[in-house]
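Trainee: I should like to learn how to read a structure that is new to me. May we begin with a contact between two helices?

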Amino acid sequence: MYDWRSTEAVSPEILALILRGRLPADEIARGPAAVCRAWREAAASPDMWGDVDIEAWCRRVNCRVKADADVRRIVARAQGMLRRLSAYRVGDAALAYLASSGKLLNVLQIPMSEISDQAVEKYAECFPALSVLDISNYLKITSRGIEAIGRHCKLLVQLKRNMPPPPPPQGNNAAPIVVEDEALAVANTMPMLKRLELPYGLFSDIGLDAILTKCPLLCTLDILGSLNVRLDGDIEDRCCTLESFREPWEPEYAEYSSSDGDYEYDDADSDD
C-alpha cells in the first residue's frame, strides 16, 4: 500500500509539477486537495496554475457561465502567476477576471468565445506580455476589438482568427461581401506578427497587400477560404516567399496517375 506520508517531505512546488504533468486542471481542482495535506498544499500552489488547459473540460460542459466561473477560480489560484491559458466558449466576465492579473499572461487560446468589442477595448491594455492569441470563431468581435488588441499587445507574434465559412451570395447577380476592416486592423497595429491565420476572411487583395507590407516579420500565413482574394499583381509572389502559405483555394484534386487509376495526394498540400 502506498504511504501518503511519504509525500510530506516533498515540497509543494515539486508535487505541483508532478500533478500538473499527470492530471488535467479541472481534476486537480477537485481531487488531489482531498488526498492529504501535502497534495492540498500542492494544489493550492500558484506554480500549479501558471500553465492551464481547460479547453477539453469547457467543451464537455459547453456552458459559458460555468467556463467563466472556472476561469475566475484559476485566476484566484494563480495569484498573478498565470502565463498560459487554453479554454473554450468564455465570455466578457472571464476576460475581466484575466485582466485583474494578466500582466504575465503570454499565451491565450480561447476559441469560440462570446467576448465583445467593448470588453476587449476595456481590458486589452491589461495583457502587455501577450504573444500568442487565438480568437477563432468570435462572432461578437469586429475590427474594433482587433485594433484594440494590436494597440495594446505590442509583443503579439501569433494570431489565430479562424472563422466559419460565410453564407453564399443570394441571387444570380449578388456580389460577394468584401470587408477589409479586420485585415487592415491587423496590418496597421500588429507589425511584429510572425504567424497569422485568417481562414474564411472577407478581405480582398487590398487587405492582404496591407498585411504583407506592414507585417515584415510574417513567415506563416493561412487564408484558406478567403475567396475575395485574387492574388493579383505581385501579391502571389510575395506570399510564396513566406515559409508557409496556405492559399484561399483548397485543391479539390491532386495529381492523377493514369497508370494505376488512383489519385495520388501530395502530403505537402494536405498537411498544415
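Mentor: Certainly; please keep in mind that this is a predicted model. Here Ser 143, Ile 146, Glu 147, Gly 150 and Arg 151 of helix H8 meet Asp 181, Glu 182, Ala 185, Val 186 and Thr 189 of helix H9. By kind, the residues of this contact comprise three nonpolar, three polar and four charged.

Trainee: At roughly what angle do the axes of H8 and H9 cross?

Mentor: The two axes cross at roughly 10 degrees and come within 9 Å. An angle under 35 degrees counts as roughly parallel. H8 and H9 are therefore roughly parallel to each other.

Trainee: Which residues of H8 are buried, and what do they pack against?

Mentor: A residue is called buried when its relative accessible area is under 20%. In H8 this applies to Ser 143, Gly 145, Ile 146, Ala 148, Ile 149 and Gly 150. The buried residues of H8 pack against helix H7, strand S4 (132–134) and H9.

Trainee: Which residues are buried in H9, and which elements do they pack against?

Mentor: In H9, which covers residues 181–189, the buried residues are Ala 183, Ala 185, Val 186, Ala 187 and Thr 189. They pack against H8 (143–152), strands S5 (158–160) and S6 (195–197), and helix H10 (205–214).

Trainee: Strands have now entered the picture. In what order do the strands form the sheet?

Mentor: Eight strands make up an open sheet, in the order S1-S2-S3-S4-S5-S6-S7-S8, and their pairing is parallel. Strands S1 (51–53) and S8 (244–246) stand at the edges with a single partner strand each, so one side of each has no neighbour in the sheet. From one strand to the next, the twist averages 5 degrees.

Trainee: How many bridges join S5 to S6?

Mentor: Three bridges join S5 to S6, and these strands run parallel. Leu 159 stands opposite Leu 196 in S6.

Trainee: What does Leu 196 contact beyond its neighbours in sequence?

Mentor: Neighbours within four places in sequence are set aside for this purpose. Leu 196 is then in contact with Leu 159, Val 186, Ile 211, Leu 218, Thr 220, Leu 221 and Asp 222.

Trainee: How many residues does the largest nonpolar core have?

Mentor: That core has 63 residues, and those with the most contacts inside it are Leu 85, Phe 127, Leu 159, Leu 196, Leu 208, Ile 211 and Leu 221. Among the elements that give two or more residues to this core are helices H4 (55–61), H5 (64–78), H6 (92–99), H8 and H9. The largest share, five residues, comes from H5.

Trainee: Asp 222 appeared among the contacts of Leu 196. Is Asp 222 buried or exposed?

Mentor: One compares the relative accessible area with the 20% limit for burial. Asp 222 has a value of 11% and is therefore buried. Asp 222 belongs to strand S7, residues 220–222. With residues up to four places away in sequence not counted, Asp 222 touches Leu 196, Glu 197, Leu 198, Pro 199 and Arg 246.

Trainee: What is the relative accessibility of Asp 134, and which residues does it touch?

Mentor: Asp 134, in strand S4, counts as buried at 10% relative accessibility. Not counting residues up to four places away in sequence, Asp 134 touches Leu 108, Gln 109, Ile 110, Pro 111 and Lys 160. Asp 134 and Arg 161 are 27 residues apart in sequence, and their C-alpha atoms are 6.4 Å apart in space.

Trainee: Let us turn to the backbone. Where is Asn 62 found, and what is its phi?

Mentor: Asn 62 is found in the loop between H4 and H5. Its phi is near 50 degrees, a positive value in a residue other than glycine. Asn 62 is partly exposed, with a relative accessible area of 42%.

Mentor: Arg 89 also has a positive phi, of about 55 degrees, although it is not a glycine. Arg 89 is found in the loop between strand S2 (84–86) and H6, and is partly exposed at 25% relative accessible area.

Trainee: How many helices and strands does the chain have?

Mentor: The chain has twelve helices and eight strands. Of its 272 residues, 43% count as buried. Among contacts between residues at least 6 apart in sequence, 67% join residues at least 24 apart.

Key
Residues are numbered from 1 along each chain as its sequence is written. This is a predicted model: local features need pLDDT of at least 70, side-chain atom pairs count only at pLDDT 80 or more; totals for chains, interfaces and linings use all residues. Side-chain values use heavy atoms; hydrogens and water are left out. Buried means under 20% relative accessible area, exposed over 50%, partly exposed in between (1.4 Å probe, protein chains only). Helices (H or I, at least four residues) and strands (E, at least two) are DSSP runs, numbered from the N terminus. Contact means heavy atoms within 4.5 Å. Two strands pair if DSSP finds at least two bridges between them. Axes are lines fitted to C-alpha atoms, for helices over the stretch in contact, and angles run from 0 to 180 degrees between N-to-C directions. A nonpolar core is a set of buried Ala, Val, Leu, Ile, Met, Phe, Trp, Tyr and Cys residues joined through side-chain atoms within 4.5 Å. Angles under 35 degrees count as roughly parallel, over 145 as roughly antiparallel, 65 to 115 as roughly perpendicular and the rest as oblique. Ala, Val, Leu, Ile, Met, Phe, Trp, Tyr, Cys and Pro count as nonpolar, Asp, Glu, Lys and Arg as charged, and the others, Gly among them, as polar.
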